[in-house]
Amino acid sequence: MENFDLLDAVLPSEGWYAVVGVKGKRVKQQLVQTRAEVDDLVAKWISEKYNLYFGCAKFETGDNRLSSNAKYFKALWIDLDCGEDKAEKGEGYADQAEGLQALQTFCRTIGLPRPILVNSGRGIHAYWTFTEPIDKDSWLPLNERLAELCRIHELRADPKCFEAARVLRIPG
């Protein structure tokens with residue numbers, strides 16, 4: 001799938017993109033209107049050695065990346081943290097293989113289709129896309145149900161990932 005574009009797959013066309021760069025304790029954040037602006041910003045921040053993240057929703061305005069401004073959605077997502085430290089605390093899985101196995105079991109048990117998977121470095125991001133974009137009022141109960149199912153079935157998804165303004169790693 002060398003031509004696969006995650007942002008195109010999981011983000012609706014309407015709204016503002018959020019791009020976040022992290023290098024050490026320094027955090028840069030910018031909301032932009034077009035995909036070309038995203039690509040330019042990503043290229044610039046990569047050259048400056050930032051780790052890059054994108055808003056999993058699109059925003060109504062370019063004013064801020066607050067949940068209250070998150071408006072347009074085309075996916076549900078989870079973040080599975082991996083590493084011995086996370087596993088020992090019950091906050092994740094020992095490694096990605098264990099995390100993938102737990103995710104596969106979870107999907108099979110509750111009848112979810114295979115998600116889009118992203119290697120986040122040490123963890124796993126999973127996205128379930130919609131055929132059409134939805135608004136926040138439609139997205140919230142679906143997201144809340146996914147979070148509840150993760151708890152019920154003991155899938156150790158990062159509980160912080162269930163917020164409307166969440167950012168996750170840009171692949172590559």
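Strand β8 (residues 167-169) supplies the largest share of the lining of the largest pocket, namely 3 residues. The structure described here is a predicted model, and this pocket is a good place to start looking around it. Its volume comes to about 350 Å³. The pocket is lined by 16 residues, and D79, D81, S120, H125 and R169 lie nearest its centre.

Just ahead of β8 in the chain comes a loop worth a pause. R166 sits in this loop, between α5 and β8. Its side chain takes part in a polar contact of 2.5 Å with the side chain of E163, and the side chain of R166 also reaches the backbone oxygen of K160 at 3.1 Å. Setting aside residues up to four places away in sequence, R166 touches F54, G55, C56, R65, W77, K160 and C161.

On the other side of that loop is helix α5, which covers residues 136-152. The helix has 17 residues and spans 24 Å from its first C-alpha to its last, close to the 24 Å expected at 1.5 Å a residue. At the start of α5, a side-chain oxygen of D135 comes to within 3.3 Å of the backbone nitrogen of D137. Just after the helix, E154 adopts a positive phi of about 55°. Which residues of α5 are buried? They are K136, W139, N143, L146, A147, L149 and C150. Viewed down the axis of α5, these buried residues fall within an arc of 160°, so they line one face of the helix. A general rule helps in reading such a pattern: an α-helix has 3.6 residues a turn, so residues three or four places apart point the same way. The face of α5 turned away from the buried side carries the exposed residues D137, E144 and R151. As for partners, the buried residues of α5 pack against β5 (70-80), α4 (96-110) and β7 (124-135).

One of those partners, α4, can be read in a similar way. The helix has 15 residues and reaches 21 Å from its first C-alpha to its last, close to the 21 Å expected at 1.5 Å a residue. Before the helix gets going, D95 plays a part: one of its side-chain oxygens lies within 3.2 Å of the backbone nitrogen of A97, at the start of α4. At the other end, α4 is followed by G111, whose phi is positive, near 80°. Buried in α4 are G99, L103, F106 and C107. Down the axis of α4, the buried residues fall within an arc of 95°, so they line one face of the helix. On the other side of α4, the residues A97, R108 and T109 are exposed. The buried residues of α4 pack against β5, β6 (116-119), β7 and α5.

Helix α4 also holds L100. Is L100 buried, partly exposed or exposed? Its relative accessible area is 30%, so L100 counts as partly exposed. Apart from neighbours within four places in sequence, L100 is in contact with L117 and I124. The C-alpha atoms of L100 and G90, which are 10 residues apart along the chain, are separated by 16 Å.

Earlier in the chain, helix α2 (residues 35-47) offers another example. It has 13 residues and reaches 18 Å from first C-alpha to last, close to the 18 Å expected at 1.5 Å a residue. The buried residues of α2 are V38, L41, V42 and W45. They cover an arc of only 105° around the axis, which puts them on the same side of α2. Exposed residues D40 and S47 are carried by the face turned away from the buried side of α2. Packing against the buried residues of α2 are α1 (6-10), β1 (17-23), β2 and β3 (51-55). After α2 comes K49, with a positive phi near 70°.

Strand β2 (residues 26-32) is home to K28. Is this lysine buried or exposed? K28 counts as buried because its relative accessibility is 16%, and the cut-off for a buried residue is under 20%. A polar contact of 2.6 Å joins the side chains of K28 and E48. Leaving out neighbours within four places in sequence, K28 is in contact with V19, V20, G21, K44, W45, E48 and Y50. W45 appears here again, as it is also among the buried residues of α2.

Conventions
Residues are numbered from 1 along each chain as its sequence is written. Side-chain values use heavy atoms; hydrogens and water are left out. Helices (H or I, at least four residues) and strands (E, at least two) are DSSP runs, numbered from the N terminus. The expected span of a helix is 1.5 Å times one less than its number of residues. Buried means under 20% relative accessible area, exposed over 50%, partly exposed in between (1.4 Å probe, protein chains only). The arc is that of the directions from the helix axis to the C-beta atoms. Contact means heavy atoms within 4.5 Å. A polar contact is a pair of N or O atoms within 3.5 Å; within protein, one must be able to donate a hydrogen and the other to accept it, and residues adjacent in sequence count only if both atoms are side-chain atoms. On a 1 Å grid over the protein atoms alone, a cavity is a set of points where a 1.4 Å probe fits but cannot get out, and a pocket is an open set with protein on both sides within 12 Å along at least five of seven lines; lining residues have an atom within 4 Å of a point. Grid points are joined across faces, edges and corners, and a volume is the space filled by probe spheres set on the points.
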